[in-house]
Amino acid sequence: MIRTYNRPHYAQARTWYRFACWLRRTSCPQFHPHLMKEDALRTSFGLRAKSLILPSLLQDCEAAGLARLAARAEAGDKYPELVARIAQVDPDDSTADEVHLFLEVADRTGTHTEKHLLGKLPPEDALWVAPLIRLESDAYGTGTVLRYHVTGGQDTQVHVAISRAHQAAAAWLDWADDRKAWAEAHAVAEESPYAYRASYRDTVAPGASYGEFLYGTDAYGETDWDDE
């Protein structure tokens with residue numbers, strides 16, 4: 001019998017929770033990382049998923065998108081996959097960005113796809129999803145980091161399961177740690193340029209004085225040719 005604490009979901013949930021705690025909770029009162037983590041664990045076990053799944057319920061659904069989704073379900077697509085885009089609401093406030101989900105419909109040749117708006121994530125989910133989507137276009141470019149599958153719904157309600165969140169959260173934490181280390185290094189350099197210069201000197205020429213390193217070397221002493 002498999003014991004619950006041996007499942008990888010708990011380690012994945014802790015990774016996502018660490019990432020979620022970095023975000024500002026004051027900008028969205030509905031954002032509760034602990035409650036969302038517990039809900040994700042229950043959903044993951046209920047769906048018998050092999051990894052952590054975070055559930056969401058779309059808002060402001062479009063009638064045309066719902067009709068396309070119903071046709072996809074009638075065709076036998078059990079868990080239709082959606083694509084996400086960020087809609088910028090306030091250029092000065094990134095926490096106000098909205099995440100819109102679209103249903104892609106390919107033509108008969110499969111060479112062209114049309115995107116049909118289905119709805120948008122609620123603010124408490126868009127708050128943590130948007131930073132991970134931006135990671136796709138960052139220097140860490142990891143491609144599509146999150147996946148969105150429709151798992152159910154009725155009338156104008158659409159239930160979405162968001163997967164790969166723990167992998168994207170781990171990459172985001174690495175990016176944040178690198179950015180913090182870069183900021184701390186530059187803060188030291190701005191506070192004391194000589195301290196930064198000394199550390200650079202020790203790295204390049206350990207054991208040599210600064211003057212000897214700059215002026216005491218022979219420019220032709222390390223060449224391979226002979227003066228014959």
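Trainee: Quick one to start: where is the place of D60?
Mentor: D60 sits in the loop between β1 and α3. Keep in mind that we're looking at a predicted model.

Trainee: Okay. And is D60 buried or exposed?
Mentor: D60 counts as exposed, because its relative accessibility is 54% and the cut-off for exposed is over 50%.

Trainee: What about its phi?
Mentor: D60 has a positive phi of about 50°, although it is not a glycine. For background, most residues other than glycine have a negative phi.

Trainee: Which other residue that is not a glycine has a positive phi?
Mentor: R164 has one, at about 65°. You'll find R164 in the loop between β6 and α5, which covers 165–191. R164 is partly exposed, because its relative accessible area is 32% and partly exposed means between 20% and 50%.

Trainee: Let me zoom out. How many helices and strands does the protein have?
Mentor: Seven helices and six strands. Along the sequence the pattern goes α-α-β-α-β-β-β-α-β-β-α-α-α.

Trainee: And how do the strands line up in the sheet?
Mentor: It's an open sheet of six strands, in the order β1-β6-β5-β2-β3-β4, with antiparallel pairing. The edge strands are β1 and β4 (113–120), and each of those pairs on one side only. On average, neighbouring strands here are turned by 40° against each other, ignoring direction.

Trainee: What holds strands together in a sheet, in general?
Mentor: Strands of a sheet pair through backbone hydrogen bonds, either parallel or antiparallel.

Trainee: Which helix packs on this sheet?
Mentor: Helix α3, residues 63–74, packs on it and touches β3 (98–106), β4 and β5. The direction of α3 makes about 50° with that of β3.

Trainee: Now β6. Which strands does β6 pair with?
Mentor: One is β1, residues 54–57, which pairs with β6 in the antiparallel sense over four bridges. In that pair, L54 stands opposite I162 of β6. Another is β5, residues 147–152, which is also antiparallel to β6, over five bridges. There, H149 has A161 in β6 as its bridge partner.

Trainee: What connects β5 and β6?
Mentor: They form a hairpin, with six residues between them. G153 in that turn has a positive phi of about 140°.

Trainee: Does H149 turn up anywhere else, I mean, which residue of β2 has it as a bridge partner?
Mentor: That would be E81, whose bridge partner in β5 is H149. Strand β2 covers residues 81–87, and it pairs with β5 in the antiparallel sense over two bridges.

Trainee: Back to β6: how many of its residues are buried?
Mentor: Four of its five residues are buried, so β6 is mostly covered. S163 is found in this strand, which runs over residues 159–163. S163 counts as buried because its relative accessibility is 11%, with the cut-off for buried being under 20%.

Trainee: What does S163 touch?
Mentor: Leaving out residues up to four places away in sequence, S163 touches L52, I53, V145, L146 and R147.

Trainee: Switching strands: is G119 buried or exposed?
Mentor: G119 is buried, because its relative accessible area is 2%. G119 is found in strand β4.

Trainee: And which residues does G119 touch?
Mentor: Again not counting residues up to four places away in sequence, G119 touches L58, Q59, D60, C61, V99, H100 and L101. So D60, where we started, is among them. As for L57, 62 residues from G119 along the chain, the two C-alpha atoms are separated by 9.4 Å.

Trainee: C61 is a cysteine. How many disulfides are there?
Mentor: The count comes to zero disulfides. C61 is partly exposed, with a relative accessible area of 22%. C21 is partly exposed too, at 31%.

Trainee: Last topic, the whole protein. What share of its residues is buried?
Mentor: Of its 228 residues, 29% count as buried. The protein exposes about 15,100 Å², and carbon and sulfur atoms supply 50% of that.

Trainee: And what share of the contacts links residues 24 or more positions apart?
Mentor: That's 57% of the contacts with a separation of 6 or more.

Definitions and conventions. Residues numbered from 1 in each chain as written. Predicted model: local features only at pLDDT ≥ 70, side-chain atom pairs only at ≥ 80, totals over all residues. Heavy atoms only, no water. Buried < 20%, exposed > 50% of the residue type's maximum accessible area, 1.4 Å probe, protein only. Contact = heavy atoms within 4.5 Å. Pairing = 2+ DSSP bridges. Axes fitted to C-alpha atoms, helices over the stretch in contact; angles between N-to-C directions. Disulfide = S-S within 2.5 Å. Areas by Shrake-Rupley, 256 points an atom, 1.4 Å probe, with all protein chains shown as cover.
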